[in-house]
Amino acid sequence: MGRDTAAGVLLAVALVAGGTVVSGRATAFVRPGFAVAVLVAAVVLAVVGAASLPARGDDGHARDGHGHHGPGRVGLLLLLPLLLLQVVDPGSLGSTMALGGDNGVARAPSTLVFPPLEGSGTVELTFSEFLGRVFAEDESLVGRPVRLVGRVAGESEGSPRLVRFVIACCAADARPLHVVLDGALGLPPDDAWAQVEGTWDGIMTPGGEAPVVRVASVVEVGEPPLPYEF
Amino acid sequence: VTPSRTAGTVPRMQASTMLTRGRRWGFEAVVGVMLVATVLGRFLPGFGAGPRIRAWSTITVAIFLQALPFLVLGVLLGAVIAVFTSPERLRRLLPSRGVPAVLVGGSAGLLLPGCECASVPVSGRLMAGGVPAGAALAFMLSAPAINPVVLVATAVAFPGRPEMVVGRFVASLAVAVLVGLVVLKRDPAAILERVASLAIDRESARWRAVVGAVRHDVLQAGGYLVVGASVAAAIQVLVPPGVLRAIGGVEVVAVLAMATLAVVLSICSEADAFIAAGFTQMSPTAQLTFMVVGPVVDLKLVSMQVGVFGRRFAGWFAPTALVVAIACSVVVGWWL
């Protein structure tokens, strides 16, 4: 690969990767803390790319290190994730990847202690907290109206669920959390984001892997700015 | 693979035309492709991609974006080491005899806070700079597994179980040193021939040399990173998650399943403890295996090793590291 092509690839990576952070798209792929690191890396690559642009009259095909070979064409593959971002624009993980989950994250032993829920009105909980309380057998949760925001899954198969992913670093390590919805009328289609209000009466699915939430109301909502929990 | 390598086999005129064309249009071609893609994406949102293609794209992009800062950190560090230290000075830092050098290389892994994407290019540059292959590779294997950031992440993922952190540290260091010793016993000529092409331009200004080294290493290691990321993403999308969960019961099968999973998923070493902890039905030994194998052998890592050290060497090195990693996990797991 010539130095001019290399410069083009590096500048493209810097522009698109940095752009996903600036536009807020990056949170569909990595956790917010990592997005800052991506931006720093993009700046470094932009500097290296700009410094690699052949000067006017320079032989742009000059090889690194006087006669040593430049990187092979494999470097062009760096354009693949950029093209996926620009053309497919895949967004955050969809509900397809949530099928078959068993809420393993929420069931892992943890030192988190949940003080009993206070008040009596509807309480908005993250999936991590809701399921953490379910598996910790928190009595204050039983019968309490709760509000959850997640993606609809399994609706087309007649076993509607609400799912949300938890990530540690990026979407490749995403683990699905889900609750089973009972009596949900007017549920939006699979993959749509919905805000569900309902109550958990202490009932679990037959295998014990998920709580069954009796649904009171469903509202379709837009994707939250942070689609994953951490 | 590059045009200049084939230049000797084509007539001189033709070769020079090829070079001229490359000089004039390489940059413009990249810009053009990206512009067309952006416009296409605007007018055909999603490009009619189904849910599986979208999930594959999300995971591929996620691994790439997440690895990018570590790749750049590692490449920058490697370039600075290569340009600002002489081979003599690097050699003086290490014991001259093989076994102590491997031990020092393995322990030095404590110092690089990052994941495996950083350590591959750094160890390539260390080797090119004269560090013995066994020591540089021991460093490469231990750095992603035993650095402080990863150990803290492991402690957070396994609350109240410090033995998992100790187990991970001991097993991973043992793997790095043992594999380093195996490399010592073998003739490393195959890799040395390859890393020789990582030579540094010592004739121009130092900052120019750093820019040249960073450009080369980001493109080389990064290209292979994308190969590994897209394959790992494809497997994540195609294999149903329930398949592996069914085999938690049988210990031998569980250990092998978790090792396979670590290779296939290609998760960053800073995140793997959280995944391991989520496999609640697996034994501690199986969970440890997942955390010890992942930073040493996984699809994106093997792909990057092919890029930096060559296919022949990676083809021998990865299976060796895998077997040693499983063995060390099982032995250390005995005490968990």
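User: Is A:Arg151 buried or exposed?
Analyst: This is a predicted model, where local features need pLDDT of at least 70, side-chain atom pairs count only at pLDDT 80 or more, and totals for chains, interfaces and linings use all residues. Residues are numbered from 1 along each chain as its sequence is written, chains are lettered from A and ligands numbered from 1 in the order written, and side-chain values use heavy atoms, without hydrogens and water. Buried means under 20% relative accessible area, exposed over 50%, partly exposed in between (1.4 Å probe, protein chains only). A:Arg151 has a relative accessible area of 9%, so A:Arg151 is buried.

User: Which residue does the side chain of A:Arg151 meet in a salt bridge?
Analyst: A salt bridge is a side-chain nitrogen of Lys or Arg within 4 Å of a carboxyl oxygen of Asp or Glu. The N to O distance here is 3.4 Å. The partner is partly exposed, at 38% relative accessible area. It is A:Glu223.

User: How far apart in sequence are the parts that A:Arg25 and A:Asp89 tie together?
Analyst: Their side chains meet in a salt bridge at 3.0 Å, N to O. A:Arg25 lies in the loop between helix 1 and helix 2 of chain A, and A:Asp89 in the loop between helix 3 and helix 4 of chain A (helices are DSSP runs of H or I, at least four residues, numbered from the N terminus), so the parts are apart by 64 residues.

User: What is the relative accessibility of B:Asp298?
Analyst: The side chain of B:Asp298 meets that of B:Lys300 in a salt bridge of 3.5 Å, N to O. B:Lys300 is buried, at 1%. B:Asp298 also counts as buried, at 0%.

Note on methods. Helices (H or I, at least four residues) and strands (E, at least two) are DSSP runs, numbered from the N terminus.
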